[in-house]
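Reader: Hi! I'm new to this one and would love a quick tour. Could you show it to me?
Author: Happy to, here it is.

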Amino acid sequence: MNTAAHPAPAAGKDSRIDWARIRADFPLLARRVHGKPLVYLDSANTSQKPACVIEAVDRFYREHNANVSRAVHQLGSESTALYEGARNKLAAFLGAHRNEIVLTSGTTQAINLVAYSYALPRLKAGDAILVTTMEHHANIVPWQLVCERTGAHLKVAPITESGELIVEQFVEALGDDVRLACVTHVSNVLGTVNPVKELARECRRRGIPLLIDGSQAAPHLPLDIAAIGCDFYAITGHKMCGPTGTGALWAKREHLEAMPPFLGGGEMIREVKFSGTTFADPPHKFEAGTPNIAGFAGLGAAVEYLQGIGMAGIAVRERELLEYATHALEGVPGLRILGTAPGKAAVISFLIDGVHAHDLATLLDQEGIALRSGHHCAHPLMQFYGVPATCRASLAFWNTFEEIDALVAAIARVRKLLA
Ligand code: PLP
């Protein structure tokens, strides 16, 4: 059923992919909320999980549970194989070498690792770290913390009203004082896809390392880190169909070798003596303590699942959903979309005249529609637009055109209630 004025793209445009069958892989999507079918439009916050990921976590505890790298027994080697297998799969997914992948609890930990192991020892008063107006707090606050400790400062590259990075101003800001540039690949609020290859080229020309926050890119775009040419790339597993508490930092080997450990403890050492400790080679040097082994068993399954569908197919599907949703929402009187950059990802932040974002999201929840309202961990971006909050509908490949129709119809009902 498609009741909207804008027809959905011909069903099965990409005839190799049966999207209805893929949707059925996600058990939670069959739920009802407040007596209505769930319409989950909050994937930028966290993605839903396909059954194969849930089963991989379950199977880990039922069949393999043991600690990694410590036991010589069978369960220990199975557990280690699953954990290291996730690293191999992530390496293939990102186009990187496995020894350049540090497994972390998510992007936040990955960026903090770079802040404390790479930036902190190198920064001094007068130095700068360049970020952009559209960063998530995870790509702002760690830099502020190391700046406070070193006397360095943040520089901010501006964006346009439509939510595009002003590349010339970013390049102009890459002065002699800049020790590191940090940019999101895809904005979690605006959906803007930044020209990361171009930014990396400009940074390389000036010998400035570039960190890319790939949290919102990895679930939606085919990635080839070698082709981007950056120095650090951070991802988070729970936005890419994997379990919470999983993620990774990819870094150039030369950086990982030069960086001191961030956390100390078991698993990351070669030899410990009271007179001093020598450390394991990267990436294990950065993986102190017992990791989220079950989570990484799940993340390995998630990566295989995404690759099984194909990231190029996912990107096409989400572009179609985005075009349809944008068109449909533009038809809602008084609705304004923040973030209209060409080629953007399937994230739509919007405001409706006279309606508070939280009120709208709360009433939409009563209709079974889950979307996020708030500042989306991007206060400086809200300040740029002069708004306290937006509503954000974020789409994934399992969403349907009918769900977008349901959103638009529910907004119309809710507006009547609020009028
Ligand atoms: N960066 C971006 C762009 C994000 O959207 C998020 C999560 O919302 C993060 C970083 C933080 O990710 P995590 O909380 O999984 O570490």
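Reader: Thanks! Which residues are closest to the ligand?
Author: This is a predicted model. In it, 13 residues surround the ligand, and the closest are T108, D213, Q216, T236 and K239.

Reader: How do those surrounding residues divide into nonpolar, polar and charged?
Author: The shell has one nonpolar residue, 10 polar ones and two charged ones.

Reader: What does the side chain of K239 do there?
Author: An N or O atom in the K239 side chain sits 2.6 Å from an oxygen atom of the ligand. For T108, a polar side-chain atom is 2.6 Å from a ligand oxygen. With T107 it is a polar backbone atom, 3.3 Å from an oxygen atom of the ligand.

Reader: And how much of the ligand's accessible area does the protein cover?
Author: On its own the ligand has 390 Å² of accessible area, and the protein covers 86% of that.

Reader: Nice. Changing topic: which residues form a nonpolar patch on the surface?
Author: That patch is formed by I269, V272 and F279, and together they have about 240 Å² of accessible area.

Reader: Where is I269 found?
Author: I269 belongs to strand 11, which covers residues 269-273. Its relative accessibility is 30%, so I269 counts as partly exposed.

Reader: What about R392, buried or exposed?
Author: R392 counts as buried, because its relative accessibility is 0%. You can find R392 in strand 17, residues 390-394.

Reader: Which residue's backbone oxygen lies 2.9 Å from the side chain of R392?
Author: That would be N188: its backbone oxygen is 2.9 Å from a polar atom of the R392 side chain.

How values were computed. Residues are numbered from 1 along each chain as its sequence is written. This is a predicted model: local features need pLDDT of at least 70, side-chain atom pairs count only at pLDDT 80 or more; totals for chains, interfaces and linings use all residues. Side-chain values use heavy atoms; hydrogens and water are left out. A residue is near a molecule or strand if one of its heavy atoms lies within 4 Å of it. A polar contact is a pair of N or O atoms within 3.5 Å; within protein, one must be able to donate a hydrogen and the other to accept it, and residues adjacent in sequence count only if both atoms are side-chain atoms. Accessible areas come from the Shrake-Rupley method with a 1.4 Å probe; for residues, only the protein chains shown count as cover. Ala, Val, Leu, Ile, Met, Phe, Trp, Tyr, Cys and Pro count as nonpolar, Asp, Glu, Lys and Arg as charged, and the others, Gly among them, as polar. Patches are made of residues with over 30% relative accessible area and no salt bridge: like charges are joined within 9 Å, nonpolar side chains (Val, Leu, Ile, Met, Phe, Trp, Tyr) within 5 Å. A salt bridge is a side-chain nitrogen of Lys or Arg within 4 Å of a carboxyl oxygen of Asp or Glu. Helices (H or I, at least four residues) and strands (E, at least two) are DSSP runs, numbered from the N terminus. Buried means under 20% relative accessible area, exposed over 50%, partly exposed in between (1.4 Å probe, protein chains only).
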